[in-house]
Amino acid sequence: MMTQKRPADPLGLQRVVKPQGVLPQQAETLDPSLPIAEDELLIEVESLNIDSASFHQISEASGGDPARIEKHILELVARRGKHHNPVTGSGGMLIGRVVEVGPAFPVEQKPVKAGDRIATLVSLTLTPLQLRRIKKVHAKIDRVDVEGHAVLFASGIFARLPEDLPETVALAVLDVAGAPAQTRKLVQPHQTVVVVGGGGKSGLLCLYEAKKKPGVKTIAVDYSREAIERLGRLSFVDEIIQADARNGVQVMEKIWNATKGQMADVVINVANIPETEMSCILSARNRGLVYFFSMATSFTRAALGAEGVGADVDLRIGNGYTEGHADLALDLLRESPELRQIFTESYS
Ligand code: NAP
């Protein structure tokens, strides 16, 4: 009996189970089954790097218990055919080994061969995934070691894992590579840049990248004692503010004091919790810019909130992808011993 061939489709539309006709990211359910189509890539998955906002939510819903986190993730992936958290809407990324390259996969533009170890740079929210088991939950670094397979579409992007950086460090950086790349585009010389959630992965990369422009003043806002201590050791952070980013008025007052009433030209939101929109909007100067990289951002809260306080600020959505973002982000660790050390300490 002949097995029916899976049709090729660079966007993976043929993998959508329901609702029919939508893109894989919008889909409720994907079909992660084998064999792959001729333009797909098959990956034996080793680890999932769960998006910080998503891991935080799953961990809270599971009472911080690793066994319940494990069950939650297994059930979620079995139900949806992908790791797509319905509460936060976010996913994360994975690392694994390529086991099969479909004959029509565009290897000229995206060189890859069986045996390569790669990190996917498209979100898990659109990546067909089937898990056989979870081997270990690393709650401190939002990482889960697994056994299973994933499928990358012809349109998907990935990075080969670098040999000069520890794998977990490279993964932590690649997960948020869009943030420093966008920072490079958005920040101009001599500006004041506030990074809300500055002590985390993307926060550190954004602060470092912003400080590279001449005359830039960097201000980090974070909450926990550990984050504040971590930030205090870094030469590229000019000022550190300990505050709860959910308290818009308190953050605004502290930024007012730190900037002598000038407020920030650019505010970057990389907090991993909801309801931090207003502290960012209120920290920006008139006609300033707020860049929402955080997945916990609510469009409604940001748009209506800015209107409600009469803030004429430019609100930008944080695109996770910018051309060359993976190399740009990894290069920051190569050029800064300080960044490399802090990432190695925190994410190895
Ligand atoms: P992270 O390493 O967990 O950093 C988040 C930071 O926010 C931490 O330093 C955390 O401090 C801080 N924070 C938490 N609650 C706070 C509060 N109430 N007030 C002030 N600071 C607070 O996260 P990440 O990996 O950098 O990711 C940051 C955000 O970017 C997440 O929302 C993630 O979902 C999102 N993201 C977006 C994209 C995209 O494409 N746009 C891609 C990847 C990730 P503690 O550690 O002390 O709690």
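Which residues are the closest to the ligand, and how many surround it? A few notes on this predicted model, starting there.

1. **Around the ligand.** The ligand is surrounded by 26 residues, and the closest of them are Asp51, Ser52, Ser202, Asp222 and Ser224. Two of those serines reach ligand oxygens through their side chains: for serine 52, a polar side-chain atom sits 2.8 Å from an oxygen atom of the ligand, while for serine 202 the distance from a side-chain N or O atom to a ligand oxygen is 2.4 Å. Asparagine 272 joins in as well, with a polar side-chain atom 3.2 Å from an oxygen atom of the ligand.

2. **The second largest pocket.** This pocket has a volume of about 330 Å³. It is lined by 14 residues, and Leu121, Ile157, Phe158, Ala159 and Ala326 are the closest to its centre. Helix α10 (325-335) and strand β8 (158-160) each put at least two residues into the lining, with α10 giving the largest share at 4 residues. As for chemistry, the lining splits into 8 nonpolar, 3 polar and 3 charged residues.

3. **The cavity.** There is 1 cavity of 30 Å³ or more in the structure, and the largest cavity encloses about 50 Å³ of space. Its lining is made up of Asn49, Ile141, Arg143, Thr168, Leu171, Ala172, Lys201 and Tyr347. Helix α3 (residues 167-175) provides the largest share of that lining, 3 residues. By class, the residues around the largest cavity are 4 nonpolar, 2 polar and 2 charged.

4. **Cysteines.** The disulfide count is 0. Cysteine 206 has no partner: the nearest cysteine sulfur belongs to cysteine 280 and is 12 Å away. Seen from the other side, cysteine 280 is in no disulfide either, and cysteine 206 carries its nearest cysteine sulfur. Why no bond between these two? A disulfide needs the sulfur atoms within 2.5 Å, and the sulfur of cysteine 280 is 12 Å from that of cysteine 206, so the pair does not qualify. Buried or exposed, then? Cysteine 206 is buried, at 0% relative accessible area, and cysteine 280 is also buried, with a relative accessibility of 0%.

5. **The N-terminal end.** Lysine 5 belongs to the segment before β1 (16-18). Its relative accessible area is 67%, which means that lysine 5 counts as exposed, the cut-off being over 50%. Along the sequence, lysine 5 and isoleucine 36 are 31 residues apart, yet their C-alpha atoms are 8.9 Å apart in space.

6. **Cis prolines.** Two peptide bonds are worth a look here. The bond from lysine 18 to proline 19 is cis, with omega near -10 degrees, and proline 19 sits in the loop between β1 and β2 (29-30). The bond from leucine 34 to proline 35 is also cis, this time with omega near 5 degrees; proline 35 is in the loop between β2 and β3 (41-50).

7. **Positive phi.** Methionine 263 is not a glycine, but its phi is positive, at about 65 degrees. Its place is the loop between α7 (248-258) and β12 (264-269). With a relative accessible area of 9%, methionine 263 is buried, because that value is under 20%. Glutamate 275 is another non-glycine with a positive phi, of about 70 degrees, and this residue falls in the loop between β12 and α8 (277-283).

How values were computed: Residues numbered from 1 in each chain as written. Predicted model: local features only at pLDDT ≥ 70, side-chain atom pairs only at ≥ 80, totals over all residues. Heavy atoms only, no water. 1 Å grid on protein atoms, 1.4 Å probe; cavity = no way out; pocket = protein on both sides within 12 Å on 5 of 7 lines; lining within 4 Å. Points joined across faces, edges and corners; volume = space filled by probe spheres on them. Nonpolar A, V, L, I, M, F, W, Y, C, P; charged D, E, K, R; others polar. Buried < 20%, exposed > 50% of the residue type's maximum accessible area, 1.4 Å probe, protein only. Near = heavy atom within 4 Å. Polar contact = N/O pair within 3.5 Å; in protein donor to acceptor, adjacent residues only side chain to side chain.
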